[in-house]
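Visitor: I should like a close look at a single part of this model, namely the contact between the two chains, together with the parts of each chain that can be described alongside it.

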Amino acid sequence: MTAGLPGTGIGGLFYVASALAMPVREAYRRARRRGPPTRWRFVAGQAGLALAIIAAMWGAGWLLGLAVHAVRPTLPFWGGGAHAANVLRTATLALTVGTLAAVLGGVEVLRACLVWSARRRRSTITLLAFGVAIASGHSAAAQSAISGQAAGSRDSDGNVMFRLGTTVDLAASSTTRFGLAASHARVTDGVSAAGLDEVALRGTWRPRRGSSVDVNAGLVRAAARLAPSGQVRVRWRRSSDGKGLALDVRARRGILDGTPQLLANRVARSELGGVLNVPLVGALRIRGIGRAAVLQDSLESNWRTMLGGAVVLAVLPGGEVSGQYSELRHAHASTAGYFAPRLVQVIQAGSYLEVETARELALALDVGVGVGRVAAQGAPLGPWRPALRGYAMVGLPLAGRTQLWLEVEAEDSPGAGEVATTPSWRYLSTALSLRWPLP
Amino acid sequence: MIVPAYNEAASVADTIRSLQAQTAPARQILVVDDCSTDGTGAVAAALGVTVVRPPANTGSKAGAQTFALRYVRTPLTLALDADTVLARDGIERLLPAFERPAVAAACGFVLPQRVRSVWERGRYIEYLFAFTFYKQLQEYYGKPLISSGCFSMYRTELLRSLGGWSDRTLAEDMDLTWSLYQAGHDVRFMPEAVCYPIEPRTFRLMRTQLRRWSHGFIQNVKLHWRGVLTVPYLRSAVAVALWDATVAAGLYLIILPILAVLLASPWVLLGYVIDIPAVLVPVIVGAARRREIGRALASMPAFFVLRTVNALFFLRAAIAELLFGRSLRVYEKGH
């Protein structure tokens, strides 16, 4: 049998790279007098095959570029200039190479975490970060940055979380970034405490304003065990002014980290969700929201689905008001540490504002006010009670192009939070981060 | 030589004759008639080979082969599917692999016996591509991903010490290969040793085989991932194969059509065939060595059909095994 799909994905690139590495490896082996001496013909044959594949793909790309250039007026998404075909080709190659590097790097990190000692583990992560930096090239270093983040949160059950993290963000081109993120979090409820460590490779491709692909893959360590985590998020807007059709799709997997009990039970969430914005008339548009998640721990799996819709009116550049209705459902109750009601209904009026000044001062504000009600498993819906949410973010430019970001988030909404533990759960979180540009 | 057979009356005779005609003749040919109902055992016995029959159907190829292992009296054991014939020098070309004591298993080049239906043609291109390019590189780096179950040779004592072929996954050949690597042994791919299995000719048969292969691959990843991480190159090859079988399959099947609709442009669907040149190069090289360029070119469209179906099955298996924990356990015979 052949595992994988020949010719698709990153497999083809992996084997082409393997073939191109053969002459170097063989020369090294000859120099060290290792292995049988009659391999050169085979090595040359396979390396030649790889070069022929590259040449064939280059030729196909060139022909495609010509074809696309010829029919450009008929392609609705084709807003690029004369070099658009090259951009498409380069972006595809960068994405494939980046994905392959992330997968192979992820495997090495996983191996380092499992097999090597703690000292070597640190060395590997440092080397990987250094390798990504070298691979990204010095020309892009001016746009690269390193960030540090400290965040804290507290909820109505007395759970307190403190998180420290760092991110290395390297710009490979004007549209592509790669990076490495690591963080450590500590959660306590006053009686017990638990830790969570995360390390992830990140990649972002922004082909144009408003559209992006973010990939994040890594490992999370909770309750002395490792688990994979990651996210793929695709954001697309038909027009760059933000007024047209827009889609935001996200798939993610991670460990719920709101309480020591959730961490002890290693509750993993695998979620697929999306938001679709459809313009109607003028500044009016409708928004559909859907998410489906599987919550798994060692004893059970539970489905959580969320469906919602909103009518949105753009009132200012970067601002909107909306009326939103959403329903959250769980398949059954859980003893793993999260609140799993049969149904939660929330109706909210909200407003969102995003401002960025010429001096790079950024401000975002999201407020929602409404009502919500909860039906426990096997019980009817309870009474309506207030449902509030708020989020504010301020970005301040400091000396030397350093930026300071402050985020505050609060929620008082029945059972609607990601890691809500009771029907009347409330929480407040703040995060402070500094972003230094790399020289 | 072990030939596991369940209802293979139509093909087992060709398999046995190809073994009897080998330039390096077999000392012992054991056909395991796994309680067939079509007279497979009688067909084999008429050709003068030893036929053994378990008391009840073993339920899998792994079970049938392991049952026969107790009757093997030779230092090397060849496992050959009952729908597979060998080139006359197949065994002779495979034997040199065992000159190195560290080698525990060896496999050969696989090509479909019949290339008629769209599924057989798709598989023909898949094999030409994989065995001309991927598998040769895996061999160079010392880690063929799988010692193919349809035609592989093993050191008998080593095989016995591992308990034979395990039926804990649906891909017993992959399970055994990865177990051998983890135990520190080598596996070789000998491209000059050629075998010709009958590939699924209909979608129904192909579906059965792909279900088994896709679930078997994911089951082996789940079973061996910790051990595989300790084996250089294999860990990279497995990670890449897993990515392509899951995420890339999803992108291939879901994202491309969505993008085509969202962008209102059928040009996006070119993504399905954009890699024709990359596939074509090794295929043409492999076909030229066999003077089959015309057949290869005529079969190329079928490859893209099979690849799409392949992606669907691998994605389904990954979702079932990894997301929902629904493991496929019933071994269904396809081809």
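Guide: The account below begins with conventions and the contact, then turns to chain B and afterwards to chain A.

This is a predicted model, in which local features need pLDDT of at least 70, side-chain atom pairs count only at pLDDT 80 or more, and totals for chains, interfaces and linings use all residues. Residues are numbered from 1 along each chain as its sequence is written, while chains are lettered from A and ligands numbered from 1 in the order in which they are written.

The contact takes 39 residues from chain A and 46 residues from chain B; two residues are in contact if their C-beta atoms, placed from the backbone, lie within 7 Å. On the side of chain B that touches chain A, the elements giving two or more residues are helices H5 (118–140), H8 (203–228), H9 (234–262), H10 (276–289) and H11 (293–323) of chain B. Helices (H or I, at least four residues) and strands (E, at least two) are DSSP runs, numbered from the N terminus. H9(B) gives the most to this side, with twelve residues. By class, the side of chain B that touches chain A has 35 nonpolar, five polar and six charged residues. Here Ala, Val, Leu, Ile, Met, Phe, Trp, Tyr, Cys and Pro count as nonpolar, Asp, Glu, Lys and Arg as charged, and the others, Gly among them, as polar.

Two of these helices also pack on each other. H8(B) and H9(B) have axes 11 Å apart and an angle of about 150°; axes are lines fitted to C-alpha atoms, for helices over the stretch in contact, and angles run from 0 to 180 degrees between N-to-C directions. The crossing of H8(B) past H9(B) is left-handed, that is, the near helix is turned anticlockwise from the far one by less than a right angle. From H8(B), B:Phe217, B:Val221 and B:Val228 meet B:Leu234, B:Arg235, B:Val238, B:Leu242 and B:Ala245 of H9(B). These residues divide into seven nonpolar, no polar and one charged.

In chain A, there are five helices and 16 strands. Strands E1 (residues 145–155) and E2 (residues 160–171) of chain A run antiparallel and are joined by ten bridges; two strands pair if DSSP finds at least two bridges between them. A:Ser147 has A:Thr167 in E2(A) as its bridge partner. Four residues lie between the strands of this hairpin, where A:Gly158 takes a positive phi near 85°. E2(A) also pairs with strand E3 (residues 176–188) of chain A, in the antiparallel sense over twelve bridges. A hairpin of four residues joins E2(A) to E3(A), and A:Asp169 has its bridge partner, A:Gly179, in E3(A).

Confidence qualifies this picture. Chain A averages a pLDDT of 80, and 81% of the residues score at least 70; pLDDT is the predictor's confidence in each residue, from 0 to 100. In chain A, the mean is lowest in helix H4 (residues 118–136), at 49, and highest in strand E7 (residues 246–255), at 92. Residues 1–7 of chain A stay under 50, and the model has 31 contacts for them beyond four places in sequence. Where pLDDT is low, the predicted coordinates should not be read in detail.
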